[in-house]
Amino acid sequence: MNLPWHLYLMAALYIIAGLNHFRNPGMYIRIIPPFFSNPKLINILSGVAEVVLGILLMISYTTNFAAWGIIALLIAVFPANLFMYQNKKASFGLPNWILFVRLPLQFVLIFWAYQYTL
């Protein structure tokens with residue numbers, strides 16, 4: 001079965017983002033809210049999840065499972081995006097409007113993933 005190009009694009013984005021968790025862990029650890037214990041482990045687990053789910057998106061019989069996994073992951077990492085918006089040290093000096101726009105972007109990404117659960 002041929003998968004659509006936009007599915008490969010989504011998969012590539014998650015694989016690249018997941019690998020970046022290991023290339024630049026400090027960036028991700030910095031945005032994990034302090035009420036989560038063991039941010040290093042959370043960074044590793046979320047990076048592995050992104051890579052694995054990205055790969056599974058490209059296998060036709062696991063696409064549906066991977067899309068649901070990505071939806072769950074996007075919901076799970078939402079507190080980090082909110083923390084970035086609320087905390088100056090976690091914001092990387094980005095303007096507040098960019099950080100604010102990033103919040104509803106999560107819903108766009110969830111909707112994109114949802115398209116592959118149908």
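## Helix packing exercises

Let's start with Asn 43, which sits in helix H3 (helices are DSSP runs of H or I with at least four residues, strands are runs of E with at least two, and both are numbered from the N terminus). This is a predicted model, where local features need pLDDT of at least 70, side-chain atom pairs count only at pLDDT 80 or more, and totals for chains, interfaces and linings use all residues. Residues are numbered from 1 along each chain as its sequence is written, and side-chain values use heavy atoms, with hydrogens and water left out.

**Exercise 1. Work out whether Asn 43 is buried or exposed, and list what Asn 43 is in contact with.**

Step 1: get the cut-offs. Buried means under 20% relative accessible area, exposed means over 50%, and partly exposed is in between, with a 1.4 Å probe and protein chains only.

Step 2: apply them. Asn 43 has a relative accessible area of 3%, so this residue is buried.

Step 3: look around the residue. Contact means heavy atoms within 4.5 Å. Skipping neighbours within four places in sequence, Asn 43 is in contact with His 21, Pro 25, Tyr 28, Ile 29 and Ile 32.

**Exercise 2. Describe how H4 and H6 pack, from the angle down to the residues.**

Step 1: recall the recipe. Two packed helices are described by the angle between their axes and the distance between the axes.

Step 2: fill in the values. The axes of H4 (residues 63-76) and H6 (residues 96-114) come within 8 Å and cross at roughly 165 degrees. Axes here are lines fitted to C-alpha atoms, for helices over the stretch in contact, and angles run from 0 to 180 degrees between N-to-C directions.

Step 3: name the arrangement. Angles under 35 degrees count as roughly parallel, over 145 as roughly antiparallel, 65 to 115 as roughly perpendicular, and the rest as oblique. H4 and H6 are therefore roughly antiparallel to each other.

Step 4: give the hand. The H4 and H6 crossing is left-handed, meaning the near helix is turned anticlockwise from the far one by less than a right angle (clockwise would be right-handed).

Step 5: find the residues. H4 brings Ala 67, Trp 68, Ile 70, Ile 71, Leu 74 and Ile 75, while H6 brings Gln 106, Leu 109, Ile 110, Ala 113 and Tyr 114.

Step 6: sort them by class. Ala, Val, Leu, Ile, Met, Phe, Trp, Tyr, Cys and Pro count as nonpolar, Asp, Glu, Lys and Arg as charged, and the others, Gly among them, as polar. That splits the contact of H4 with H6 into ten nonpolar, one polar and no charged residues.

**Exercise 3. Now do H5 and H6 in the same style.**

Step 1: the axes of H5 and H6 come within 9 Å and cross at roughly 165 degrees. H5 and H6 are therefore roughly antiparallel to each other, and their crossing is left-handed.

Step 2: on the H5 side, the contact uses Phe 78, Asn 81, Leu 82, Met 84 and Tyr 85; on the H6 side, Asn 96, Leu 99, Phe 100, Arg 102, Leu 103 and Gln 106.

Step 3: by class, the contact of H5 with H6 has seven nonpolar, three polar and one charged residues.

**Exercise 4. Which elements give two or more residues to the largest nonpolar core?**

Step 1: define the core. A nonpolar core is a set of buried Ala, Val, Leu, Ile, Met, Phe, Trp, Tyr and Cys residues joined through side-chain atoms within 4.5 Å.

Step 2: size it up. The largest one has 17 residues, and Met 10, Leu 57 and Ile 70 have the most contacts inside it.

Step 3: assign the elements. Helix H1 (5-23), helix H3 (39-57), H4 and H6 each give two or more residues to this core, and H4 gives the most, with six.

Step 4: zoom in on Ile 70. Not counting residues up to four places away in sequence, Ile 70 touches Met 10, Tyr 14, Leu 53, Leu 57 and Ala 113.

Step 5: check for another core. Apart from the largest one lies a core of six residues, among them Ile 31, Phe 83, Ala 90 and Leu 99.

**Exercise 5. Where are Asn 38 and Phe 92 found, and what is phi in each?**

Step 1: Asn 38 is in the loop between helix H2 (25-30) and H3, with phi near 60 degrees.

Step 2: Phe 92 is in the loop between helix H5 (78-86) and H6, and phi of Phe 92 is also near 60 degrees.

Step 3: set that against the usual case. Most residues other than glycine have a negative phi.
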